Amino acid sequence: MIDMVWIPGGASAIGSPEHHLASLGGEQHYDRAWFEDEAPQRVVQVPGFWLDRTPVTNIEFAEFVDATGWMTYAEQAGGLVYGPDYWRQMPGICWRRPHPDIDAVADRPNHPVVHVDHDDASAYARWAKKRLPTEIEWEYAAHGPQWRAWPWGSTWLPEVANTAELWAGTELRNLADWKSWYTVYWRENGPAPGTVPVGALFESASPFGVLDMAGQVTEWTSSLYGPYGGASLDAGFAAAAGLGFRSARGGSWKMMRWQTRTSERICGVPDYSAFDLGFRCAADSPAPQRTTSDNQEERPHG
């Protein structure tokens, strides 16, 4: 379990509380309905599991590809990137070559791998004798037993997470602000992902010590997207659930703060891959054994 964190089992509030959802509409450009799939919040008992401390990196994915000969969908069809106006498929762009001038393994070995779809992520996890985390496991690891908007707390700290606001160096309050920043980003960087080495922003750690769970790359989970409990979804969300979309979590380097919350739900078709989408793995191995230093018993004096 090298570079994995043990997440002890426990009860956790999953989904956003009502007071948080009520505040979102007035804080940014999307209305309340955009976040309705985060409700109702409910308490879930989560069994213990292991989780990668950081997302899978380019060098780790390269080891898998070298060992198995696996070819990603993006290598065959081109990588999906957000251009100056909208999404576009770019031939030749893939996890290994995210920009014509970037060799991901040689130039960015410790950055999160991107341009991987759900099958790519699942295949890596099987090869590594792991699995993808469920959506509930991911959220529990991100905020701990008590709900919080971001892994470190419910007060936004722009300097501790790799998001659009970190890149912009200023607060982005609406879509116009974001577009103004991204226009400059694209002009200077093109399709190059705005990732940083995993674990570099250690102040963003979750209560369990897991890193990069807000921003950096959106992460695939194993879960099918669907409503919480007995909730009903509006037409758009319901269509995604009916089409077998998979849930992804965490938001990415090109998103604003609200898309990087611990309870923000993102989903996509399994063969979707993009320049800001990656993954990390979970495992079901036994819990670590407690050592004497972990559980010191008070000894009598005499």
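**View 1. Ser273 sits in the loop between strand E9 (266-268) and strand E10 (277-278).** The model shown here and in the other views is predicted. Ser273 is buried, because its relative accessible area is 5%, and the cut-off for buried is under 20%. Beyond its neighbours within four places in sequence, Ser273 touches Ala74 and Leu80. It also contacts His115, Val116 and Asp117.

**View 2. Asp117 and Lys129 flank helix H5 in the predicted model.** At the start of H5, a side-chain oxygen of Asp117 comes to within 3.0 Å of the backbone nitrogen of Asp119. Asp117 is also one of the residues in contact with Ser273. Just after H5, Lys129 adopts a positive phi of about 60°.

**View 3. Helix H5 is mostly covered.** Of its 10 residues, seven are buried. They are His118, Asp120, Ala121, Ser122, Ala123, Tyr124 and Ala125. Two helices and two strands pack against these buried residues: H2, helix H3 (73-77), strand E7 (218-224) and strand E8 (246-249).

**View 4. Helix H2 (residues 58-68) packs against helix H5 (residues 118-127).** The angle between the two helices is about 80°. Their axes are 10 Å apart. H2 is therefore roughly perpendicular to H5, since angles of 65 to 115 degrees count as such. From H2, the contact draws on Glu60, Phe61, Glu63, Phe64, Ala67 and Thr68. From H5, Asp120, Ala123, Tyr124 and Trp127 take part. By type, the residues of this contact divide into six nonpolar, one polar and three charged. Asp120, Ala123 and Tyr124 are also among the buried residues of H5. An α-helix has 3.6 residues a turn, so residues three or four places apart point the same way.

**View 5. Thr221 lies in strand E7.** Thr221 is buried, because its relative accessibility is 0%. A polar atom of its side chain lies 2.9 Å from the backbone oxygen of Ser247. Leaving aside neighbours within four places in sequence, Thr221 is in contact with Ser247, Ala248 and Arg249. Other contacts of Thr221 include Leu132, Pro133, Thr134, Glu135 and Trp138. His118 is also in contact with Thr221, and His118 is one of the buried residues of H5.

**View 6. Ala240 is part of helix H9 (residues 235-242).** With a relative accessibility of 7%, Ala240 counts as buried. Its contacts, leaving aside neighbours within four places in sequence, are Tyr225, Phe245 and Cys267. Cys267 is partly exposed, because its relative accessibility is 28%. Leu224 is 16 residues from Ala240 along the chain. The C-alpha atoms of Ala240 and Leu224 are separated by 9.7 Å.

**View 7. Cys94 is in no disulfide.** For Cys94, the nearest cysteine sulfur is that of Cys281, 20 Å away. A disulfide would need the sulfur atoms within 2.5 Å. By this rule, the count of disulfides in the predicted model is zero. Cys94 is buried, with a relative accessible area of 9%, whereas Cys267 counts as partly exposed.

Conventions: Residues numbered from 1 in each chain as written. Predicted model: local features only at pLDDT ≥ 70, side-chain atom pairs only at ≥ 80, totals over all residues. Heavy atoms only, no water. Axes fitted to C-alpha atoms, helices over the stretch in contact; angles between N-to-C directions. Helix = DSSP H or I, 4+ residues; strand = E, 2+ residues; numbered from the N terminus. Parallel < 35°, antiparallel > 145°, perpendicular 65-115°, else oblique. Contact = heavy atoms within 4.5 Å. Nonpolar A, V, L, I, M, F, W, Y, C, P; charged D, E, K, R; others polar. Buried < 20%, exposed > 50% of the residue type's maximum accessible area, 1.4 Å probe, protein only. Polar contact = N/O pair within 3.5 Å; in protein donor to acceptor, adjacent residues only side chain to side chain.
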